[in-house]
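Let's take a walk through this one together, from the overall chain down to some aromatic rings and then a pocket. Have a look at the sequence and the structure first.

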Amino acid sequence: MSGDRRETPPVTGGGNGVVEPNKKSAPVIVPSQRLRLHANKEHVPESYEDLQLDFCPSIFSSLEKYMPPNMLNDSREEKVKFMRDILLKYLPHGERTRAQKHREYRQKIILHYKPLKRELYTMHPVTFFLPSFMKAINDNTEESLRSIISEPSPGVLTFEMLQPRFCELLAAEVENFEAWVNDTKFRIMRPNTMNKFGAVLDDFGLETMLDKLMDGFIRPISKVFFPEVGGATLDSHHGFVVEYGKDWDVDLGFHVDDSEVTLNVCLGKQFSGGELFFRGTRCDKHVNTGSQPEEIFDYSHVPGRAVLHHGRHRHGARATTSGHRINLLLWCRSSVFREMKKYQKDFSNWCGECSREKKERQRASIAATKSELLRNDGEAVA
């Protein structure tokens, strides 16, 4: 693909988590009842683990720090009601019944499916991650993180992350789950509407482990590299694997993810092709605009190596021409960022096209000012 802005392929609507522009007007919220822009770091949130909730309990604990100051001393029930009302805005009315059915679907799987590699279901950092990655996370400084991370293209981070043994274990667990699905004729939900193969890891018991992966390992990196899209406030995820090859999906169309930050790690196996192609980050308004030359980047997968990028970074996957490729994906989301985004109009700090338009306006304004000064000087001399 050339740098001609007209040649950027249209983003696939309703596909791999594509976030369509919200046609409905934002609900009216009394200013004092809005979430705070910054967390109250001194506030210790309550635990919601003992409650039967529509969302992961950790989301409520995270979101509580952003509640209006006058509500922090309210009862836990009042806090839950306030936060639940906000979170439910992301589920259209017709989706709520579907969400309940999905919970029942997940419970049925967990009840009947017997895990093959039980060590995967509890977070074991030393055996999951490479020593270099662990050291950078444990040092917990921007310098330590930058020492292991490369940024071959703006907003695309790569780093060595997973132990080969972990990649093998997870691939084996997915194969075991798929064998169970085939044997029992159980109809499973695929990761998204674009992939016909793959599995949602959260659906068969890996949700807690993946939550810890996001909280303890992805959020610290996102806090440094993606603060403009809620990288410090990631509080929920969608974890899954995708499979490519002759007998699986072959490629993946141009799209954006339903995430603030996406982790993509190749697990193996032997394969050719399957490169990711990136074409710039865009807001809803500009999702189908052209790409600038500096936004065009292709990435070749390496088992164990992670790619971390903005969910709105437009991308796709080229055909896997031979072999079998398996990738772990973690769509990390921030309910705080999504709520704040409703009241924003300027996304120039992360949307490439918004940034370009802003710079054009600034250049035009400077040019107009210079022209006016020159004209005034000319009149003064005359």
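A good place to start is how the chain contacts itself. In this predicted model, if you take the contacts between residues at least 6 apart in sequence, 81% of them join residues at least 24 apart. The chain has 382 residues, and 49% of them count as buried. Its secondary structure comes to 10 helices and 12 strands. As for the outside, the accessible surface is about 19,400 Å², with 52% of that belonging to carbon and sulfur atoms.

Now for the aromatic rings. How many aromatic pairs does the structure hold? The count is 18. One of them is formed by Phe129 and Phe133, with the ring centres 5.2 Å apart and 55° between the planes, which makes the pair tilted. Why does Phe129 count as buried? Its relative accessible area is 2%, and the cut-off for buried is under 20%. Its partner Phe133 comes in at 0% relative accessibility, so Phe133 counts as buried too.

Next, swing over to Phe254 and Phe277. Here the ring centres are 6.0 Å apart and the planes sit at 5°, so this pair is stacked; the angle has to be under 30 degrees for that label. Phe254 lies in strand β5 (residues 252–255) and Phe277 in strand β8 (residues 276–281), so the pair ties together parts that are 23 residues apart in sequence. Both Phe254 and Phe277 are buried.

Rings can also link up into a group. Tyr105, Tyr113, Phe177, Trp180, Phe186 and Phe204 are joined by ring pairs into a cluster, so it's worth displaying those six side chains together.

Last stop: the second largest pocket. It holds about 790 Å³ of space. Its lining is made up of 30 residues, and Ala39, Tyr66, Gly230, Ala232 and Thr233 are the ones nearest its centre. Which helices each supply at least two residues of that lining? They are α1 (57–64), α8 (207–225) and α9 (335–341). The largest share, four residues, comes from α8. Sorted by class, the lining of this pocket has 13 nonpolar residues, nine polar ones and eight charged ones.

Terms used. Residues are numbered from 1 along each chain as its sequence is written. This is a predicted model: local features need pLDDT of at least 70, side-chain atom pairs count only at pLDDT 80 or more; totals for chains, interfaces and linings use all residues. Side-chain values use heavy atoms; hydrogens and water are left out. Rings of Phe, Tyr and Trp (its six-membered ring) pair if their centres lie within 6.5 Å; planes under 30 degrees apart count as stacked, over 60 as edge-to-face and the rest as tilted. Buried means under 20% relative accessible area, exposed over 50%, partly exposed in between (1.4 Å probe, protein chains only). Contact means heavy atoms within 4.5 Å. Accessible areas come from the Shrake-Rupley method with a 1.4 Å probe; for residues, only the protein chains shown count as cover. On a 1 Å grid over the protein atoms alone, a cavity is a set of points where a 1.4 Å probe fits but cannot get out, and a pocket is an open set with protein on both sides within 12 Å along at least five of seven lines; lining residues have an atom within 4 Å of a point. Grid points are joined across faces, edges and corners, and a volume is the space filled by probe spheres set on the points. Ala, Val, Leu, Ile, Met, Phe, Trp, Tyr, Cys and Pro count as nonpolar, Asp, Glu, Lys and Arg as charged, and the others, Gly among them, as polar.
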